[in-house]
Amino acid sequence: MDEVSCVGDEERLDQCSFRGWFLHDCVHQEDAGVRCSSAEDGGIRLIGGINLLEGRVEVFFGGTWGTVCDAGWDINDATVVCRALGFMSADAAVANAYYGNGTGEILLSNVGCTGSEKELNECNFEYAIEHNCSHNNDVGVRCTATEVTTSSEHRVCNNYDVRMVNGPIQSDGQVEVCYKGLWGTVCASSWRREGAFVVCRQLGYDTVGTFYSRVSTEDSSPQIVQDLFCNGNETSLSECAITFGSQENCSFFAALNCSMKVSNPECTDGEVRLAGGLHDDNGTAQICERGHWVNLCASSWEDTESLVICRQLGYTEVDSFNVFDHQGNSKGNITSSISCSGKETVISQCSFSSNEINSCVQIVNVTCEIADSETPDDSKGKFYFLLLIYFSLSLQSRFNCKGFR
């Protein structure tokens, strides 16, 4: 955000006047910050979730934030927490530090709400100091945004919205579908090309490049599309047969690469190059997206990322790399940040963050080289050439001396 101007009575920052998402002429040295006053006793916050609708429940009391023990924790308690935070209701009440272990004091235990209370401090509860609780027992909730209107202040997304995340480029990544205001993954057990076509079409792409699966991880969304059946002609996933479930019985998630019919494409999606350098082995690291070259984000760039891009280009070693701030040159688009182990053969095998495109301001200049052990040595070539001449002259002299006098 840039050029933010608030009156002071707005509830969210995006209700203020500003230049527009990702529109700016700033660098991170100009990042803004605030110092807030302490919360009031009884205040509630959610920590550790993937969005503002979920997380570990923390309560403010006596000048500090503390957690809640899961003894007696149920959906009625979660409903009150969600309502106190301004959400419609609760979708889940979780225990056993589902959203990670908290720190500091464990304030409450045996919370007993009927579900009709407006605040958590209106419920029955006991102070956790009287019980044998640890942070392994911290509770969490997942709240539900209202479905009455799509203009709800707290709505994260609308039912059956679709997006791709954690991919090398905007058109490639793990498929997520929105349900009840939350993003969830798609189990690959029912992932078919017909569904892939619908996802690409809904996102505005022309066709499917490839569809594949990824191994599920512990930090993946608990909400999931368990079954997805499309005939391939639908314009939106809302027209397909969808069953929502949990992650427990799913080991692989759906992923996808979409493509556009680009007139006079500059490149093939997934290709890499080093642009703007004096030679082919030096320049700004770029990847092809939708037929055009875009810069690779270098916010966490290391030797391993440089090695992979050099390897993909046919080189064996990295000579050097230099990370610098992007200043709005002709190649304005930047991918999300990248992380490689160094064993990958192409850059698309690396991990990409879920940051939005253009949120990165750092790019990288890389210089590659071929190892000396794999480079033909000119001196060796000259040696063998001279040796060949020597033997030829010796043989000729021998014939002249013995056979042709």
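Of the contacts between residues at least 6 apart in sequence, 65% join residues at least 24 apart. The model is predicted, and the protein in it contains 21 strands and 4 helices. Of its 405 residues, 40% are buried. The exposed surface of the protein amounts to about 22500 Å², with 48% of that area supplied by carbon and sulfur atoms.

The largest nonpolar core comprises 23 residues. The members that touch the most other members are Val57, Val68, Trp73, Val81, Val111, Leu120 and Val141. At least two residues of this core are supplied by each of strand E1 (44-48), strand E2, helix H1 (75-84), strand E5 (106-112) and strand E7 (140-144). Helix H1 provides the largest share, 4 residues. A second core, separate from this one, has 22 residues; among them are Val177, Leu228, Cys240 and Cys258.

Within the largest core, the surroundings of Trp73 were examined further. With neighbours within four places in sequence left aside, Trp73 is in contact with Val57, Val68, Val81, Val111 and Val141, each of which is also listed with Trp73 among the core members that touch the most others. The remaining contacts of Trp73 are with Ala78, Ala93, Val94, Val139 and Gly140.

Val59 lies in strand E2, which spans residues 54-61. Val59 counts as buried because its relative accessible area is 8%, under the 20% cut-off. When residues up to four places away in sequence are not counted, Val59 touches Gly42 and Gly43, then Thr64, Trp65, Gly66 and Val68, and further along the chain Leu107, Leu108 and Leu120. Two of these partners, Val68 and Leu120, are also named among the core residues that touch the most other members. The C-alpha atoms of Val59 and Glu40 are separated by 9.8 Å, with the two residues 19 apart along the chain.

A charged residue in a buried position is found at Glu344, in the loop between strand E19 (334-339) and strand E20 (351-352). Glu344 is buried but has no salt bridge. Its nearest side chain of opposite charge is that of Arg311, at 5.5 Å, whereas a salt bridge requires a separation within 4 Å. The side chain of Glu344 instead reaches two backbone nitrogens: that of Ser341 at 3.0 Å and that of Gly342 at 3.0 Å. Beyond residues up to four places away in sequence, Glu344 touches Val308, Arg311, Gln349 and Cys350. Arg311 is thus present among the contacts of Glu344, although no salt bridge is formed by Glu344.

Conventions
Residues are numbered from 1 along each chain as its sequence is written. This is a predicted model: local features need pLDDT of at least 70, side-chain atom pairs count only at pLDDT 80 or more; totals for chains, interfaces and linings use all residues. Side-chain values use heavy atoms; hydrogens and water are left out. Buried means under 20% relative accessible area, exposed over 50%, partly exposed in between (1.4 Å probe, protein chains only). Contact means heavy atoms within 4.5 Å. Accessible areas come from the Shrake-Rupley method with a 1.4 Å probe; for residues, only the protein chains shown count as cover. A nonpolar core is a set of buried Ala, Val, Leu, Ile, Met, Phe, Trp, Tyr and Cys residues joined through side-chain atoms within 4.5 Å. Lys and Arg count as positive and Asp and Glu as negative; His and the chain ends are not counted. A polar contact is a pair of N or O atoms within 3.5 Å; within protein, one must be able to donate a hydrogen and the other to accept it, and residues adjacent in sequence count only if both atoms are side-chain atoms.
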